[in-house]
Amino acid sequence: MSGAQYRGMNVPAFYDSSWEHENCGVGFIANIKGRRSHSIVADALVMLHRMDHRGGCGCEANTGDGAGILTAKPHEFYLEKLAEESQVQLPGKDQYGCGVVFLPTEETQRRHCINEVNHLIDDIGLRLICWREMPTCPDAADLGLAARNAMPIIQQLFVAAKDDQISQAELERRLYMLRKRAAHKLNAEGLPREKSFYICSMSTRVVVYKGMLTTQQLPVFYSDLVDPRYKSHLAMVHSRFSTNTLPSWDRAQPL
């Protein structure tokens, strides 16, 4: 029933065939008092898993249309991880931004993208803290062949302001400029999709982990997400059912 008429009565229309394109699954969870915990992240991943029917997959059951999660930036977690992995000391929680970056698999193109981003960081009045090799587990996640063939090199970028006196709002604005200018410059070079460059997120406040994954694969592929030190007061998850576009790593959401 697409209209509101039923036996001459006006009733709400609970279903309309024009809504058939709305297939993806999305969920949000938060602590209204702003208290951070790993349980928020864990519960969000359970919610995502239970929305598996709202996402799509190809002829390979282990190649998904896409899944992802957005959380608050887990400052204490990154503080400890970078000290452990590379002896890098991060500034205060609101004094730096981070993002997850998809890079070309071909080494020359990857180095070119990283160099261009580093130049833009300096031009915008920012300073590079470090590039971090993202811990990913495609074997443990049982990633399908199509997803593996399209998988980019995944790194994390940490950036601060040259002038520590600027406000968080100004730093956020410059991080937005960095993301947009880098994307426009590098994607204008016409790299094939399998060699393309994409920044999932770049912010002082939030971070996005996503990919051409199923809902079950996301927390296995990104081991950061199951570390009990990873804490947030909010999480938004998304399971993609691609309709008029083909699946790809960058088209996964949250955007």
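Is R148 buried, exposed or partly exposed? With a relative accessible area of 33%, R148 is partly exposed. The model is a predicted one, and R148 is a convenient place to enter it. The side chain of R148 makes a salt bridge with D139, in which the closest N and O atoms are 2.8 Å apart. D139, at a relative accessible area of 64%, is exposed.

This pair belongs to a longer list, since the count of salt bridges comes to 14. Side chains of opposite charge can pair when their charged atoms come close. Another example joins R174 to E170, again with 2.8 Å between the closest N and O atoms. Both residues belong to helix α5 (residues 168-187), where they are four residues apart and therefore separated by about one helical turn. An α-helix has 3.6 residues a turn, so residues three or four places apart point the same way. R174 has a relative accessible area of 18% and is buried, since buried means under 20%. E170, at 21%, is partly exposed.

A third salt bridge is formed by R229 and D227, with an N to O distance of 3.0 Å. R229 is partly exposed at 27% relative accessibility, while D227 is buried at 15%. These two residues are part of a network of salt bridges that also includes E80 and E84.

The numbers of E80 and E84 lead to helix α2, which covers residues 75-86. Its twelve residues reach 16 Å from the first C-alpha to the last, close to the 16 Å expected at 1.5 Å a residue. The buried residues of α2 are H75, F77, Y78, K81 and L82. Viewed down the helix axis, these buried residues fall within an arc of 150°, so they line one face of α2. The elements that cover them include four strands: β5 (96-103), β6 (126-133), β7 (153-161) and β9 (206-211). Just after the helix, Q87 takes a positive phi of about 55°.

The aromatic residues come next. Ten aromatic pairs are present in the structure. In one of them, the ring centres of F77 and Y230 are 5.4 Å apart and the ring planes stand at 55°, so the pair is tilted. F77 is in helix α2, whereas Y230 is in the loop between α6 (217-221) and β10 (234-239), so the pair ties together parts that are 153 residues apart in sequence. F77 and Y230 are both buried.

Another pair consists of Y209 and Y222, whose ring centres are 5.2 Å apart; their planes are at 85°, so the pair is edge-to-face. Y209 lies in strand β9 and Y222 in the loop between α6 and β10, so this contact ties together parts 13 residues apart in sequence. Y209 is buried, with a relative accessible area of 0%, and for Y222, also buried, the value is 0%.

The residues of both pairs are found in one aromatic cluster, made up of F77, Y78, Y96, F102, F158, Y198, Y209, F221, Y222, Y230 and W249. F77 and Y78 are among the buried residues of α2. Y96, another member of the cluster, has a charged neighbour: K73 lies over the face of its ring, at 3.6 Å from the ring centre.

Key:
Residues are numbered from 1 along each chain as its sequence is written. This is a predicted model: local features need pLDDT of at least 70, side-chain atom pairs count only at pLDDT 80 or more; totals for chains, interfaces and linings use all residues. Side-chain values use heavy atoms; hydrogens and water are left out. Helices (H or I, at least four residues) and strands (E, at least two) are DSSP runs, numbered from the N terminus. The expected span of a helix is 1.5 Å times one less than its number of residues. Buried means under 20% relative accessible area, exposed over 50%, partly exposed in between (1.4 Å probe, protein chains only). The arc is that of the directions from the helix axis to the C-beta atoms. Contact means heavy atoms within 4.5 Å. A salt bridge is a side-chain nitrogen of Lys or Arg within 4 Å of a carboxyl oxygen of Asp or Glu. Rings of Phe, Tyr and Trp (its six-membered ring) pair if their centres lie within 6.5 Å; planes under 30 degrees apart count as stacked, over 60 as edge-to-face and the rest as tilted. A charge sits over a ring if NZ of Lys or CZ of Arg is within 6 Å of the ring centre and within 35 degrees of the ring normal.
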